[in-house]
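Here is my note for your first look at this chain. Keep the sequence and the structure open side by side as you read.

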Amino acid sequence: MRAVGARLATLLGPGDLVVLSGPLGAGKTTLVQGIADGLGVRGPITSPTFVIARVHPSLSGGPALVHADAYRLGGSLEVDDLDLDASLDESVTVVEWGEGLVEGLSDERLEIHIERGDDGERRLVRLRGVGARWTGAVL
């Protein structure tokens with residue numbers, strides 16, 4: 001999952017919204033760790049479940065990584081309280097458990113759904129680009 005995240009980071013830039021979904025233990029945070037490595041941001045990258053959102057500044061002059069977790073949020077009003085849209089244009093914003101909650105932040109987003117394989121080791125990763133930003137992108 002880390003390698004997938006690092007590869008994805010080569011496609012991401014300021015203004016990109018990534019929405020992650022999948023069951024507990026699927027590898028969402030590990031994917032974000034790979035994205036962070038690829039973007040060259042300050043870490044460590046840990047699950048933001050209890051702090052809800054963290055900003056990881058770039059160490060290389062690139063965009064910051066905003067890493068949020070919507071697992072404990074009760075709805076779109078609580079998402080609005082996070083002000084994720086305030087830094088959306090300058091950062092790469094990745095939201096775990098964001099499906100059904102954060103789509104209103106941008107008409108363009110990358111939706112990633114992760115499933116665990118039957119053996120518990122393999123992962124099935126489905127990517128769906130939404131909006132003109134992702135039209136024709138090789139994912």
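How many aromatic pairs does the structure hold? The count is 0. Remember throughout that this is a predicted model.

1. **A charge over a ring.** Aromatic pairs number 0, but look at Trp 134. Arg 133 lies over the face of that ring. The distance to the ring centre is 4.0 Å.

2. **Overall layout.** Count the elements next. The chain has 3 helices and 6 strands. Read from the N terminus, their order is α-β-α-β-β-α-β-β-β. The chain is 139 residues long, and 42% of them are buried. Its accessible surface is about 7100 Å². Carbon and sulfur atoms account for 50% of that surface.

3. **Contacts across the sequence.** Take the contacts between residues at least 6 apart in sequence. Of these, 59% join residues at least 24 apart. One pair to look up is Val 94 and Val 32. They are 62 residues apart in sequence, yet their C-alpha atoms are 7.5 Å apart in space.

4. **The largest nonpolar core.** In soluble globular proteins, nonpolar side chains tend to be buried together. Here the largest nonpolar core has 20 residues. Which of them touch the most other members? They are Ile 35, Leu 65, Val 94 and Ile 112. At least two residues of this core come from each of α1 (2–9), β1 (17–21), α2 (28–39), β4 (91–96) and β5 (109–116). The biggest share is from α2, with 5 residues. There is also a second, separate core of 10 residues. Its members include Ala 68, Ala 70, Val 95 and Leu 105.

5. **Two core residues up close.** Start with Val 94, in strand β4. Its relative accessible area is 0%, so Val 94 counts as buried. Setting aside neighbours within four places in sequence, Val 94 contacts Val 18, Leu 20, Val 32, Ile 35, Leu 65, Val 66, His 67 and Ala 68. Now turn to Leu 65. With neighbours within four places in sequence again left out, the contacts of Leu 65 include Val 32, Ile 35, Ala 36, Leu 39 and Val 94. Polar residues touch Leu 65 too, among them Arg 54 and His 56.

6. **A buried glutamate.** Glu 111 lies in strand β5. Is Glu 111 buried or exposed? Its relative accessibility is 18%, and the cut-off for buried is under 20%, so Glu 111 is buried. Which side chains does it meet through polar contacts? One is Arg 109, at 2.8 Å from side chain to side chain. Another is the side chain of Arg 128, at 2.7 Å. Beyond four places in sequence, Glu 111 is also in contact with residues including Val 19, Glu 103 and Val 130.

7. **Two backbone details to check.** The peptide bond from Gly 43 to Pro 44 is cis, with omega near 5°. Pro 44 sits in the loop between α2 and β2 (53–56). The other detail is at Trp 97, in the loop between β4 and β5. Phi of Trp 97 is near 60°. That is a positive value in a residue other than glycine. Trp 97 is partly exposed, with a relative accessible area of 23%.

Notes:
Residues are numbered from 1 along each chain as its sequence is written. This is a predicted model: local features need pLDDT of at least 70, side-chain atom pairs count only at pLDDT 80 or more; totals for chains, interfaces and linings use all residues. Side-chain values use heavy atoms; hydrogens and water are left out. Rings of Phe, Tyr and Trp (its six-membered ring) pair if their centres lie within 6.5 Å; planes under 30 degrees apart count as stacked, over 60 as edge-to-face and the rest as tilted. A charge sits over a ring if NZ of Lys or CZ of Arg is within 6 Å of the ring centre and within 35 degrees of the ring normal. A nonpolar core is a set of buried Ala, Val, Leu, Ile, Met, Phe, Trp, Tyr and Cys residues joined through side-chain atoms within 4.5 Å. Buried means under 20% relative accessible area, exposed over 50%, partly exposed in between (1.4 Å probe, protein chains only). Helices (H or I, at least four residues) and strands (E, at least two) are DSSP runs, numbered from the N terminus. Contact means heavy atoms within 4.5 Å. A polar contact is a pair of N or O atoms within 3.5 Å; within protein, one must be able to donate a hydrogen and the other to accept it, and residues adjacent in sequence count only if both atoms are side-chain atoms. Accessible areas come from the Shrake-Rupley method with a 1.4 Å probe; for residues, only the protein chains shown count as cover.
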